[in-house]
Amino acid sequence: MVRRVPCFIVGERPKTKRTYFSNDVWNTIKDSLIFDCISILIVSPDGKEILLGKRAVEPYKGEWCFPGGGIDAFELPHEACSREIREELGLDINIERFDWLGFSYMSVFVGNKEGGNETRHDTIWPHKLVLQESEMLDFDKTKFNEEFECLAKFSLVDILNGDFP
């Protein structure tokens with residue numbers, strides 16, 4: 001059985017888009033909010049390899065990370081997983097293939113942005129996606145979008161032993 005994240009705003013999507021705040025006011029407000037995000041642990045069918053992306057943009061440019069991103073308004077976490085995989089890897093993956101790992105964690109980013117500092121708190125809801133070997137072959141050392149320099153497969157044993165780039 002696929003696990004689902006239990007708590008999110010649900011309901012009907014608004015019929016019209018409305019702007020409630022100017023960009024300046026919204027930027028001030030959002031710096032004090034906690035955002036819900038997803039991360040996706042992509043594993044091979046045998047569980048021995050994982051797929052990571054090397055970030056091409058800040059924050060954490062040059063660091064290896066899991067694909068993922070923010071959960072949009074009125075979007076369920078597994079829907080966000082499917083959207084992020086489509087945006088970042090170019091794959092259309094059915095939402096039923098994403099399995100919530102059963103926990104969440106807090107991520108804190110402190111950095112500079114134009115006109116001041118930013119401190120952002122994100123709640124991350126990690127999910128697992130098992131890609132078949134034929135799906136993973138296409139990603140080794142390739143570039144798919146502006147967010148990642150490249151995507152690469154890594155041996156889970158090597159990572160756990162500290163042999164990681």
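# Close-up views around helix H2

**Figure 1. Asp 72 and Glu 75 both meet Arg 83.** Let us start with Asp 72, which is partly exposed in this predicted model, since its relative accessible area is 42%. Asp 72 forms a salt bridge with Arg 83, and the closest N and O atoms of the pair are 3.4 Å apart. This pair ties together distant parts of the chain: Asp 72 sits in the loop between strand S4 (68-70) and H2, Arg 83 sits in helix H2, and 11 residues separate them. Arg 83 counts as buried because its relative accessibility is 12%, below the 20% cut-off. A salt bridge also joins the side chains of Glu 75 and Arg 83, at 2.9 Å from N to O.

**Figure 2. Glu 75 is a buried acid in a loop.** Glu 75 belongs to the loop between S4 and H2. With a relative accessible area of 10%, Glu 75 falls under the 20% limit and is therefore buried. Its partner Arg 83 is buried as well. The two side chains make a polar contact at 2.9 Å. A polar atom of the Glu 75 side chain also lies 2.9 Å from the backbone nitrogen of Asp 72.

**Figure 3. Arg 86 and Asp 92 form another salt bridge.** The side chains of Arg 86 and Asp 92 meet at 3.7 Å, N to O. Arg 86 counts as partly exposed, with a relative accessibility of 40%. Asp 92 counts as exposed because its 64% is over the 50% cut-off. Elsewhere, salt bridges with shared partners join Asp 72, Glu 75, Arg 83, Glu 84 and Glu 87 into one network. The structure holds 6 salt bridges.

**Figure 4. Helix H2 is mostly covered.** Of the 13 residues in H2, 10 are buried. Among them are Pro 77, His 78, Ala 80 and Cys 81. The buried set also includes charged residues, including Arg 83, Glu 84 and Glu 88. How far apart are the end C-alpha atoms of H2? They are 17 Å apart, which agrees with the 18 Å that 13 residues should span at 1.5 Å a residue. Just after H2, Gly 90 takes a positive phi of about 75°.

**Figure 5. Glu 88 is buried and has no salt bridge.** Glu 88 is found in helix H2. Which side chain of opposite charge is nearest to Glu 88? That is Arg 55, at 6.4 Å; the distance is beyond the 4 Å cut-off, so the two do not count as a salt bridge. The side chain of Glu 88 instead reaches the backbone nitrogen of Gly 68, at 3.2 Å.

**Figure 6. The largest nonpolar core has 19 residues.** Ile 40, Ile 42, Ile 85 and Leu 129 have the most contacts inside this core. Strand S1 (34-43), helix H2 (77-89), strand S7 (116-130) and strand S8 (148-155) each supply at least two of its residues. H2 provides the largest share, 4 residues. Beyond its neighbours within four places in sequence, Ile 85 is in contact with Ile 40, Ile 42, Pro 67, Gly 90, Leu 91, Ile 93, Phe 98 and Leu 129. Ile 85 is also one of the buried residues of H2.

**Figure 7. Leu 52 belongs to a second, separate core.** This core has 7 residues, including Ile 50, Leu 52, Ala 152 and Phe 154. Leu 52 lies in strand S2 (residues 49-55). At a relative accessible area of 5%, Leu 52 is buried. Leaving out neighbours within four places in sequence, its contacts are Trp 64, Cys 65, Phe 66, Cys 150, Leu 151, Ala 152, Phe 154, Ile 159 and Phe 164. Leu 52 and Pro 67 are 15 residues apart in sequence, while their C-alpha atoms are 7.0 Å apart in space.

**Figure 8. The protein chain has 4 helices and 8 strands.** Here is the setting for the views above. From the N terminus on, the elements run α-β-β-β-β-α-β-β-β-α-β-α. Buried residues make up 34% of the 165 residues in the protein chain. Among contacts with a separation of 6 or more, 67% join residues 24 or more positions apart.

Notes:
Residues are numbered from 1 along each chain as its sequence is written. This is a predicted model: local features need pLDDT of at least 70, side-chain atom pairs count only at pLDDT 80 or more; totals for chains, interfaces and linings use all residues. Side-chain values use heavy atoms; hydrogens and water are left out. A nonpolar core is a set of buried Ala, Val, Leu, Ile, Met, Phe, Trp, Tyr and Cys residues joined through side-chain atoms within 4.5 Å. Buried means under 20% relative accessible area, exposed over 50%, partly exposed in between (1.4 Å probe, protein chains only). Contact means heavy atoms within 4.5 Å. The expected span of a helix is 1.5 Å times one less than its number of residues. A polar contact is a pair of N or O atoms within 3.5 Å; within protein, one must be able to donate a hydrogen and the other to accept it, and residues adjacent in sequence count only if both atoms are side-chain atoms.
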